[in-house]
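Biologist: I'd like to go through this model with you and ask where its labels come from. Shall we start once it is on the screen?

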Amino acid sequence: MKNLNEEQEKLIDNQISWGNFFYNKKFQIILVIILCALIGIGSPFLWGEIWKKGDHRCAIESDLRYECLPLSPNKTKSEDQCREAGCCWDTTARDNQIQCFNVLVTNKDNKNTIPAYTVIDSSDSKAKLRVKNSPIYLKNQTDSNGKQTNQWFLGGPIVYETLEVNIDYYKTNHFSIKIFPEEDKRNFNFYLPEGLNNIKPNKSITADTVNAKISLVSKLNDNFVLTVKRRDTNQIIFTTGDFTPFIYSEGLIEITNLLPNDLIYGLGQSPSRGFKHNMTYPEHWSIFNKYNLNLTANQSSWYGSHPFYMGWTNDNKPYGVLLLNSFPMEIITNSRPSLTFKIVGGHLNFHFFIGDTPQDIYTQLHTIIGPPAMPPYWALGFHMCRTQCYNLQTAQNIKNQMIDKNIPYDSDCGNAATSMLMFRANGFEELTKFFDDNANKSISSWIVMVPHKANFTNDCEKLSDSDEFIEGVCKNWQKNDNSIPWLQIKDINGHKDKHFGSFYDWCAGKMESKNSSVKYPSFMEPYRIDQNTLGLKVNDKVKETIDHDLNEVMKLKGKIDGIFADYNTPLDLKYTTTHNMSQLCPVFTLNNQWNKYYYSQLNQYSPCLDVTHGDKYTIDYTTGGKTNNYTLDHLALHNLYGYQHTYAIKEVLANDKTKLQRKLVMSLSTFIGSGRLGAHIGTNMKASWDMLVQSNIQTLEFSLYGIPLTGFPVCGFKGDAPDNELCLRWYQLAALQPFMISHRDFNEHLTDPISLAKDGKSQMILDAIKSTIVIRYRLLPYFYTMFYLNHISGEPAVRPLFYEFYNDTNTFKIDKQFMWGKALMVSPVLESKPKNISAYFPQNKDNTEVWYDYYNGRRIVTKKGQTENLSAIEYHINLHVRGGRIIPTQKEGQNTYKSRQQPFTLIVALSLNGSAEGELYVDNDADKPDHSGQPDDYFISKFSVKKLDTTHNNSFINYTMNIVKTITNQKAFTFNYKVEEIKIFGVIDPLFPLQFNLFIDGNLKRTYDNNKPNQRHITYDTTTGVLSFKNITDIDMSAKSNYTLAWSFKKY
């Protein structure tokens, strides 16, 4: 080694010396203090340089900012526009940060301009507010003619000077807080749609007895600050805080809730990065029923409006908040965490739900929105549809091959382009023949029905009387045309006429271009519920028209079992992303210059938002006969259009007495309460892994909204034909989702099992898809029972893990697994080519949960909740049964009619203490004659297994299983309800003796004994711990008897 000279040695010594100094703990503490001081001193200079004006009120971290200019996309804002409005502008903001925001306010700030109201009077149930600070851009700046002069917000909203607050109490854990303008008492900004419950306050519950402490006044001053806490735990569930903007104007309402944490779910329908909202940076989306050509994760809003969310307090207690408002609104989340509502009209009507378990929140919500509709049994099977022109030969061939290959499926729409069959006379003959063939094969039939009606007026005038089109369309389809209300629009001169839009003509009929001219019936007619509430009903003539179309034009009376209400957002293809809204909606744009960019976004693929529903309606609002005239504005009712359309269809089907079986109504567009009408099918999803994940998240969300029967087309509705892997994984997920359907758009590759095989997919893929569908059909008795419980109690059929395991906080963020009821956990593969997947096995607070593999009964040992690596092989769905539960299953058939003729197998998963329970609901799939309430023929069987007290005999462990009919109202059933096999998971000791006894109503019926000749009733797998009782012949659950099985294990 070379010798070091003196200079090098000194340098090294100095480095060592300084190194030791920097590693000295005292120095580290001093250094941190100095750095903090420097940052504190330097921050004002830094922010001053960034904002030029040096206003310290703009030195606000990104997660504490609240957007200043209302509802406009960021790209439309400019620095000058922002500053002139009195807001802060950040030149360095990234794409996901708020660039134009409200100024910082402190108690000593003489420039306090944050929008706020003061409380001038209050009591336990009422308060009055007066505006304190209006935003500069919303101040009532008018000229001598009373016209607003603000250049940026010409014609913009005027701030309400005085507000009223009403607090109503319904139950000890349910109350509402309504904020509305004092001068606007008679402006009914929310019309209660048919079916939503108009619940009344409970006068026996007061501010002292409700489980909440409600404060309306800031602790710093007299500003209005809404704070809601749980009374029993003092935990905050809602607070607007002292430094968030509160704006209440004629066209813009803004209120912010400072959340206790980032655990919230709901507020749909929009693409989400997870069931739990992502609060890491600002997110914007709209609650607005909007048609999208292709559903991706980039859209601001989808087809439903559900302004409800559920959250957790900081001590892990659930709560729910519903904003009962049908106007379009924008939602903004921030990492603060905070939640901002920006609404373009209506009132603030918040309903609060407080509970100890998630079940409390789900079921309380149903007191307002009503119970979910009970689906027909066949609705839980596998369904097929496709969008084609008139020839149904492809659909017929697919149906025949599904039957030949014994692949279970239950319904077929034939052709989704039903609405286009109107373009020729007798266009429905082929469809009715297809449906007749369905009926002969025990396959259900349904059609796709759109709300629009073709505009044939000019064409009918051109045709001669000899043209067959006259009879086929012009005379039949246009019945009641002049007697029903339509969407109407005013031109720039104030002239009102029907609004004519544009809709698909996939088949390009002989008199139409690529798209057809259509008009839109109104499904809204107001009526008085009480002095303070207006409801919406469907005009009788509109229902008559739907009935006429179905029965007289389409000749489908008695032939269909359901209807899919599609494109009912409603869709208007005139208004695309490339059209100039100022030209297409000139009056609306002129009257809303201040917010035209936001409205332009909403108006894509929708009629102009200033259309009205019919003419003015005159309604009494007092018993003295005083009347008000109401114009039903589409802006307030757009989000309700699909709901009312679905309601009208349900009413028409209910009046069809040719089939007493329960009908299925499905809808694309949904609103709070749509679940009581029927199902939701989310179409237009592109075939991608992202959309596969979204379908899982959306299913959990719709369960939260009370719409349990939800599904999305397997392999996507649009896009290139998916590869083998994606399509198979989608089939696997869909098989365990509430509604399973193969449905493809016009000119797209079909993705039903038969078409996939034709497209070159291997026989192995076809077999894998078939086995996936078979798993679904075997579980249908359990699924149907869960839908029954959902219907009567609000317990969701499909539920997030936290619903069952709310004491395990690890479940709060899990959305790639879900539960079917209490018993079955699903862990799907949602990504491409994984070697394995991580699945979380939750625990209860007693740490006594045990899980079993659904297929082989192998026990999964967990302690305090743990993550397991599960198989991700391509042909496997990960299913696990929860210990302590019993699942009824049934052998599959070609369809549900034939499946219900097969015997049952009961899967018993023992808990750690050797017990289990479950139930089975059965009905005749028919409503009462008036289609209300519980069907006339049904029964419920309860299952229970328990380990008996063995203190008198320590050599044996004795078990009994009871099958008890707890509720019965049955006449006769044509199906098979015999139990053929019972599988018991979690058996440690061998059976001794090799026999079990069967008692009927307490009397010994038979001893099943393996020791007798030619009898093999008992098997036991020592590897998996599964005991099976087979070839049972004496248990008929439809009989009016109770059954008990008894067996023993020998202790070693």
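Modeller: Happily, and keep in mind that this is a predicted model. In helix 16, the residues Asn 724, Leu 728, Tyr 731, Gln 732, Ala 734 and Ala 735 touch helix 18. Their partners in helix 18 are Ile 765, Ala 768, Ile 769, Thr 772, Ile 773, Arg 776 and Phe 783.

Biologist: What is the make-up of the contact of helix 16 with helix 18 by class?

Modeller: Nine residues are nonpolar, three are polar and one is charged.

Biologist: Why are helix 16 and helix 18 called roughly parallel?

Modeller: Helix 16 spans residues 724–735 and helix 18 spans residues 763–793, and they pack at an angle of about 10° with their axes 9 Å apart. Angles under 35 degrees count as roughly parallel, so helix 16 and helix 18 earn that label.

Biologist: What makes helix 9 and helix 14 oblique to each other?

Modeller: Helix 9 (residues 540–553) and helix 14 (residues 641–654) also have their axes 9 Å apart, but the packing angle is about 60°. Roughly parallel needs an angle under 35 degrees, and roughly perpendicular runs from 65 to 115. The value fits neither range, nor the one over 145, and helix 9 and helix 14 are therefore oblique. Their crossing is right-handed.

Biologist: Which residues make that contact between helix 9 and helix 14?

Modeller: Lys 543, Ile 546, Asp 547 and Leu 550 of helix 9 meet Ala 648, Glu 651 and Val 652 of helix 14. By class, four are nonpolar, none is polar and three are charged.

Biologist: How do you know how helix 5 and helix 6 are oriented to each other?

Modeller: The axes of helix 5 (residues 393–404) and helix 6 come within 11 Å and cross at roughly 5°. Set against the cut-off of 35 degrees, that makes helix 5 roughly parallel to helix 6. Gln 393, Ala 395, Gln 396 and Lys 399 of helix 5 make the contact with Glu 430, Phe 434, Asp 437 and Asn 438 of helix 6. These divide into two nonpolar, three polar and three charged residues.

Biologist: What is noted about the backbone at Ser 442?

Modeller: Ser 442 sits in the loop between helix 6 (429–440) and strand 21 (444–449). Its phi is positive, about 60°, although Ser 442 is not a glycine. Most residues other than glycine have a negative phi.

Biologist: Which residues are joined by a cis peptide bond with omega of about 0°?

Modeller: Arg 336 and Pro 337 are, with Pro 337 in the loop between strand 16 (329–334) and strand 17 (338–343). A cis peptide bond also joins Phe 992 and Pro 993, where omega is about -5°. Pro 993 is in the loop between strand 51 (979–985) and strand 52 (995–1000).

Biologist: Let's turn to the cavities. What is the volume of the second largest cavity?

Modeller: About 100 Å³. The whole structure holds 14 cavities of 30 Å³ or more.

Biologist: Which strands each supply at least two residues of the lining of the second largest cavity?

Modeller: Strand 3 (116–122) and strand 8 (224–229) do. The lining includes Ala 116, Tyr 117, Phe 224 and Val 225, with Asp 242 and Phe 246 also among its residues. By class, that lining has seven nonpolar, four polar and one charged residues.

Key: Residues are numbered from 1 along each chain as its sequence is written. This is a predicted model: local features need pLDDT of at least 70, side-chain atom pairs count only at pLDDT 80 or more; totals for chains, interfaces and linings use all residues. Side-chain values use heavy atoms; hydrogens and water are left out. Axes are lines fitted to C-alpha atoms, for helices over the stretch in contact, and angles run from 0 to 180 degrees between N-to-C directions. Helices (H or I, at least four residues) and strands (E, at least two) are DSSP runs, numbered from the N terminus. Contact means heavy atoms within 4.5 Å. Ala, Val, Leu, Ile, Met, Phe, Trp, Tyr, Cys and Pro count as nonpolar, Asp, Glu, Lys and Arg as charged, and the others, Gly among them, as polar. A crossing is left-handed if the near helix is turned anticlockwise from the far one by less than a right angle, and right-handed if clockwise. On a 1 Å grid over the protein atoms alone, a cavity is a set of points where a 1.4 Å probe fits but cannot get out, and a pocket is an open set with protein on both sides within 12 Å along at least five of seven lines; lining residues have an atom within 4 Å of a point. Grid points are joined across faces, edges and corners, and a volume is the space filled by probe spheres set on the points.
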